[in-house]
Every structure is written in structure tokens, then in C-alpha cells.
Amino acid sequence: MNALLDDLTWRGLLAQSTDPEALEAHLDSGPVRFYVGFDPTAQSLHIGHLVQLLLAQRLQRAGHLPYMLVGGATGLIGDPKETGERVMNSADVVAGWVERIRGQVERFVTFDGPAAATMVNNYDWASTMNVLEFLRDVGKHFPVNRMLARDVVARRLEEGISYTEFSYVLLQSLDYRELHRRHGVTLQFGGSDQWGNITAGVDFIRRSDQARVHAVATPLITKADGTKFGKTAGGGTVWLDPELTSPYAFHQFFLNTEDAKVVDYLKVFTMRSPEEIEDLARQAESEPHKRAAQRALADDVTDLVHGSAEREAATAAAAALFGRGDLSELPGTTLEAALREAGAGQVELPVSIVDAFVAAGLVDSKSAARRAIAEGGAWLNNTRVEDAERVLEPSDLVAGRFAVLRRGRRNVSGVMVTDRS
């Protein structure tokens, strides 16, 4: 087998392919031009998109040429959802999101060397095609019965689906043909939930241009219980934008990976070799309490998305919160992100230490707070609290605004002081 395909198979990244043998021969024949697309239906990509970004990186490292598409046109439409019609965002909003997502995508590929990447925007060709050209040149090649048979369309028919979303598949197929005609792109990949759109593009090129191109789908990444991977415990999306998901929260998300899935995620989300991952798998099995595999996963992915400096700040914050580092050395933004992730409450000064523990969610009542203090299990900024009548003073605040509270060894939260003015 082709070395690249062999590695992707070992990592569990190949769910479907239009023709595995033909794809292998195609990759063996020389550098292949490939593309993957991202629609700006939100202001940021999330960790589900990370699978595709890293697959593009793997292909480029193997010598193949990436075409990274941000869908300024398809983002105005939106792929059909199973739950109902998408909100139509304004052209200005979508254009702004295109630029933000473009900046995220550009971090994962290089734009020089023999396998230099190219950024493309499907608005460049879709916006210049009038409706008659679209219907004659594109629509003519799409049998309606096949479009109706698509799973998401079939599920939406009873409650209704707009012609706009119904036609999305034509726009995505047009992308593949334009990139094939303009740049010689012969491979598209995406998530398995996009397989219908992807294969429609392959068929469209065959029908309109009598040319053969290829497609691959990656599997849906799931948790051990089969539910979709990429949501926090509270149900929030884990975004790549640090303003939406802080590097601390991002690092903590991967650090909390369940034992049953950590090796699978190491294969998908890191560039570690099979030998390195197999060694971590042995450590996870023999010494699971050390969580070496989880730390490697969290560190590697945070480095890839946010850089090593942010990863170091995240690990320093986690250590300091649990008494293994100096809280005063943490940047205020990192400490705030860590406390928000821990569920910190907001208070105004003056506030008693007992009320602060209640506001932080570390105890259910004032009596429970007093009991924790009496038993020696209450901490303020990593110093044991001995006086239940103590009142928080401005001098107790880290970075002028935060108090880190801990009950016992493992339960950490805190309070953030609001300004009365």
C-alpha cells in the first residue's frame, strides 16, 4: 500500500473512498492537487474541522499540493441541517467570517516550497455566474430523484426544505469542477457527513467533463459512548478561536479525554509516529493514573492550534490553581480563563470568605464552608484558611481582581470581584 494511505489507515482516518485502488495508483503517480472546503457559517472553526486541517497537513508533508477553500458563496447558503433551515447571515457578516476562518486555515499549511498551498474562495466564480448559466451548465447534470434520495433531504421533506438549501449540493459540486478546470485538482476530502456532497461533485465532473477524479471521507470522531466528539461537559462547542474557547479551556478539554479514546485521538489529532503512540498506549494501560497519554495529546493539539507559549501558560495555570505554582506569575487573562472554566462566581467587596466559597460553588451552604475551614480543607490563593470570620480584602486579590479558592486537594474554583461603580 502507498505509505501515506497506510499511515492514514492506521490512524483510522479513511472512512470512505470512491475507488481505493485507483486512489492509491493516483497518489503513487506523483504530486496530487487536492482540496478541502470550509464554510463560514460561524465566526470560527471548531475542533471537528481540525481533523480536515490536519489531514491537509499530512498530505502536504507527503508532497501533495493543498487548495484550501473558504466558502464565501456556500457560506451565504449553508449546507442543509437535519434540524431545520439555517439562519441566512448577511453578506457583510459572511465576508467577515471568511477572513477570520481564512486566517485559521492558513496556520496549518505552508505557502512556499514545491508543495505550496493555495487559498481559494468559491465566491470568486459563483458570484460571476448568472442564473441561466447556472441552470443550464450545472443544474442540467443533477437528476432530482438522486437529490431527493440524499439522507438529509429525505429527512427534511416532511417538515419542508427550501430550494436554497436543496440546491447547496450543486454549489459544492461546482467548486470541485472549477478547481479541477482551473488548477487540475483531482482529489477532494471532507467529513463523512459530507460524503453525499463530495461524491456528487465527482459525478458532476464525470458527466460534464468526462474526467475521473477522486474523493475520500474521514470518519465522524466520537466519544466512547458513541456521541459526537467536540462538546464541553456543559454542551458548548470547542472553538479554535481563543476568544471563544480560551487556550486554557482548550488544553483542559483534551487533558480530560477518557482513557478508552485517548489513543484513538492521539492518532487523529497529533503528528506523533506510530512508535511514539504505541509507547503512550502502553503507559496508559500500565500506569493510567499518570495520564501521560492525555498530557501528550493536550500539549500537542494546543501547540498546533494556539502555539507553545499559550500551552505553557495553560499548564502553568493548571499547576498554580492546585498549589504547584505561583499564582502571581500568571497573566490575568489566563487566570480569568481558568477560573471561568472552573465555574468561578462573581462577588463585590467586602465579602466574607464563607460567602466567597458559596459563590464559587465549592460548597452548598455557609455551614458547609465553615465546616471545611474547621477541618483544615479550605484554601485561599493556596494558603490554608484558618479563620471562618475572615473577610476578603483587596490585598487578597490576584491580578487585582481574582481570588482562587480550593476545597480539599482537587476541588478548585474562585471568585472574580466586580466593580461597584
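1. In this predicted model, strands β12 and β13 pair in the antiparallel sense over 6 bridges. The two strands form a hairpin with 3 residues between them. In the turn, G408 has a positive phi of about 70°. Along the pairing, L405 stands opposite S413 in β13.

2. The hairpin belongs to an open sheet of 5 strands, in the order β7-β13-β12-β9-β10, with mixed pairing. The edges are taken by β7 (345–347) and β10 (383–384); each has a single partner strand, so one side of each is left without a neighbour in the sheet. As general background, strands of a sheet pair through backbone hydrogen bonds, either parallel or antiparallel.

3. The partner of edge strand β7 is β13 (residues 411–417), and this pairing runs in the parallel sense over 3 bridges. One of the bridges can be named by residue: V347 has V417 of β13 as its bridge partner. Strand β13 is thus paired in the antiparallel sense with β12 and in the parallel sense with β7. Of the 7 residues of β13, 6 are buried, so the strand is largely enclosed by the rest of the structure.

4. Helix α17 (residues 332–341) has T334, L335, A337, A338 and L339 as its buried residues. The cover over these residues includes the hairpin strands β12 (402–407) and β13, together with helices α12 and α16. Just after α17, G343 takes a positive phi of about 85°.

5. Helices α12 and α16 also appear in the second largest pocket, which has a volume of about 620 Å³. The elements that give two or more residues to its lining are α12 (247–255), α15 (292–306) and α16 (308–321). Helix α12 supplies the largest share, 4 residues. The pocket is lined by 17 residues, and those nearest its centre are L255, R291, F322, R324 and R410. By class, the lining has 5 nonpolar, 5 polar and 7 charged residues.

6. The largest cavity has a lining of another kind: 11 nonpolar, no polar and no charged residues. The structure holds 1 cavity of 30 Å³ or more, and the volume of the largest cavity is about 70 Å³. Its lining consists of L4, L5, L8, L14, L23, L27, L55, L59, L187, F189 and V216. Two or more of these residues come from each of α1 (3–10), α2 (20–28), α3 and β5 (187–191). Helix α1 gives the most, with 3 residues.

7. The largest nonpolar core has 54 residues, and those with the most contacts inside it are L53, M68, F254 and F269. Helix α3 (residues 47–61) gives the most to this core, with 8 residues. Apart from it lies another core, of 32 residues, including V138, F142, M147 and V213. In soluble globular proteins, nonpolar side chains tend to be buried together.

8. What does F254 touch, leaving out residues up to four places away in sequence? The contacts of F254 are I47, F229, F269, Q294, L297, A298 and V301. Among these, F269 is also listed with the residues that have the most contacts inside the largest core.

9. Two buried residues with polar or charged side chains merit inspection. Q60 lies in helix α3. With a relative accessible area of 9%, Q60 is under the 20% cut-off and therefore counts as buried. Not counting residues up to four places away in sequence, Q60 touches F34, P66, V109, T110, A115, A116 and A117.

10. The second is R177, in helix α10 (residues 168–183). R177 counts as buried because its relative accessibility is 0%. Leaving aside neighbours within four places in sequence, R177 is in contact with D137, V138, F204, I205, S208 and D209. Of these, V138 is also a member of the 32-residue core. R177 and F204 are 27 residues apart along the chain, and their C-alpha atoms are separated by 7.5 Å.

Definitions and conventions
Residues numbered from 1 in each chain as written. Predicted model: local features only at pLDDT ≥ 70, side-chain atom pairs only at ≥ 80, totals over all residues. Heavy atoms only, no water. Core = buried A, V, L, I, M, F, W, Y, C linked by side-chain atoms within 4.5 Å. Buried < 20%, exposed > 50% of the residue type's maximum accessible area, 1.4 Å probe, protein only. Contact = heavy atoms within 4.5 Å. 1 Å grid on protein atoms, 1.4 Å probe; cavity = no way out; pocket = protein on both sides within 12 Å on 5 of 7 lines; lining within 4 Å. Points joined across faces, edges and corners; volume = space filled by probe spheres on them. Nonpolar A, V, L, I, M, F, W, Y, C, P; charged D, E, K, R; others polar. Pairing = 2+ DSSP bridges.
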